[in-house]
Amino acid sequence: MTFIHNIFTTILLSAAVLIIASCGNARYDVTIDGRLLNINQAKFLVFSPDGAIAGIDTIHVQGGRFSYETDIRREGTLVIVFPNFRTVPVFVEKGCNISIDGNAAQLKTVEVTGSKTNNRFTEWRKNTSQQSPRELEKLAEKFIKENPESPISQWMRMQYLPRVDHPAIGEQMPSFTAVDIDGQLVNNEMLRNGTTVILVWSSWNYDSQNAVRQVANNMRSTDNRTIDHAVAICIDADPNRCRSMRNTQNAGNIIHICDGKMIDTPLLKTLGLSSFPANIKIKNGTVVARNQSTHRITK
């Protein structure tokens, strides 16, 4: 199960060998250094699903080399999005330099080192690289049970554990109450009649942003409108960024919810939205579809 999709035009990367460093960086909280083979220029995106940094940042690769430096708000996880849309987590803490070593076209073999947490997760991935998806779920569940507070466990919950598709198709939309980014109360009773779409999106995922735009456009249509209500749950850490993106997307006709808790926002659990991007379509209070493509969700 993959947590992140899309952003760049696909570029083939064949190998990556990075410089290994140790903790003790003085200028920035975190430094990630690297040298990539068989690639001259590229851009990676980097974001934090747990708020270690705010918003989204860019790593620039020049001549196959890069050095990314940043301050962090807390210990947590940075996720690097590669040009082939795959991701690598980097567990960060203040004062450490991080190194990544491996083949970007075979991310299961990439080694991230520079702290005990990164070393531990790299070892776990190496030991489980040949396992089936079902076996990975079992091993991830075991690790989470034994290490509930580890940042590795948070990543494993997103990446390896099966989705909770409840309410399932044919079931009633669950009761919920939330507050939108304008401070207005939102609840399930407001969405009981007609067709409702609930979307999960972020400022660092193009597919999810595109889904929001398409739904907003559909709701403005006079001839081809199929959606009566829409709720967009933003998993960004900064509600102000959600407000800004809402205006950029011309999506003011959609209810936007962003509490800054990212993937830990309680509404996601209530609605069984454990994957990303994700959506639910509801007709007259009954779930009729889940996780449709952007093309299908507006039909």
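**Helices, sheets and cores of a predicted model**

User: In which helix is T270 found?

Analyst: T270 is found in a helix that spans residues 266-270. The model is a predicted one. The element that holds T270 is helix 6.

User: Does T270 count as buried, exposed or partly exposed, and at what relative accessibility?

Analyst: Buried residues fall under 20% relative accessible area and exposed ones over 50%, with partly exposed in between. T270 has 33% relative accessibility, so this residue counts as partly exposed. The class and value asked for are therefore partly exposed, at 33%.

User: How far apart in space are T270 and P167, C-alpha to C-alpha?

Analyst: Leaving aside neighbours within four places in sequence, T270 is in contact with H166, P167, P174, S175 and F176. T270 and P167 are 103 residues apart in sequence. In space, their C-alpha to C-alpha distance is 8.7 Å.

User: Among contacts in the protein chain between residues at least 6 apart in sequence, what percentage join residues at least 24 apart?

Analyst: The protein chain has 7 helices and 16 strands. Of its 299 residues, 51% count as buried. Among contacts between residues at least 6 apart in sequence, the part that joins residues at least 24 apart is 61%.

User: How many residues does the largest nonpolar core have?

Analyst: The residues with the most contacts inside the largest nonpolar core are F121, W124, M156, I198, I233, L271 and L273. Apart from this core lies another, of 26 residues, among them V61, F66, I80 and V88. The number of residues in the largest nonpolar core is 38.

User: Which residues form one aromatic cluster together with W124?

Analyst: W124 touches L136, L139, A140, F143, M156 and Y160, not counting residues up to four places away in sequence. Y160 also belongs to an aromatic cluster with W124. The other members of that cluster, Y160 included, are F91, F121 and Y160.

User: Is the pair of F44 and F66 stacked, tilted or edge-to-face?

Analyst: A search of the whole structure finds 4 aromatic pairs. The ring centres of F44 and F66 are 6.2 Å apart, and their planes stand at 75°. Planes over 60 degrees apart count as edge-to-face. The pair of F44 and F66 is therefore edge-to-face.

User: How many residues apart in sequence are the parts that the pair of F44 and F66 ties together?

Analyst: Both F44 and F66 are buried. F44 lies in strand 3 (residues 41-47) and F66 in strand 5 (residues 65-70), so the pair ties together parts whose separation in sequence is 22 residues.

User: Which side chains along strand 5 point to one face and are buried?

Analyst: In a regular strand the side chains alternate between the two faces of the sheet. Along strand 5, R65, S67 and E69 point to one face and are not buried. The side chains that point to the other face and are buried are F66, Y68 and T70.

User: What is the bridge partner of R35 in strand 5?

Analyst: Strand 2 (residues 30-37) and strand 5 run antiparallel. They are joined by 6 bridges. In strand 5, the partner of R35 is R65.

User: Which strands stand at the edges of the open sheet of 5 strands?

Analyst: This sheet has the strand order 14-13-12-15-16, with mixed pairing. Each edge strand has a single partner strand, so one side of each is left without a neighbour in the sheet. The strands at the edges are strand 14 (255-257) and strand 16 (286-290).

User: Which residue in strand 13 stands opposite V200?

Analyst: Strand 12 (residues 195-201) and strand 13 (residues 229-234) run parallel and are joined by 6 bridges. Helix 4 (residues 206-220) lies across strand 12, strand 13 and strand 14. Opposite V200, in strand 13, stands I233.

User: Which residue takes a positive phi in the hairpin of strand 15 and strand 16?

Analyst: Strand 15 (residues 278-283) and strand 16 pair in the antiparallel sense over 4 bridges. K281 stands opposite A289 in strand 16. The hairpin has 2 residues between the strands, and the residue with a positive phi near 50° is N284.

User: How many residues of helix 3 are buried?

Analyst: The buried residues of helix 3 are I152, S153, Q154, W155, M156, M158 and Q159. What covers them includes strand 6 (76-81), strand 7 (87-92), helix 1 (116-128) and helix 2 (133-146). Helix 3 (residues 151-159) is mostly covered, and of its 9 residues the number buried is 7.

Terms used:
Residues numbered from 1 in each chain as written. Predicted model: local features only at pLDDT ≥ 70, side-chain atom pairs only at ≥ 80, totals over all residues. Heavy atoms only, no water. Core = buried A, V, L, I, M, F, W, Y, C linked by side-chain atoms within 4.5 Å. Buried < 20%, exposed > 50% of the residue type's maximum accessible area, 1.4 Å probe, protein only. Contact = heavy atoms within 4.5 Å. Pairing = 2+ DSSP bridges. Axes fitted to C-alpha atoms, helices over the stretch in contact; angles between N-to-C directions. Phe/Tyr/Trp six-rings, centres within 6.5 Å; stacked < 30°, edge-to-face > 60°.
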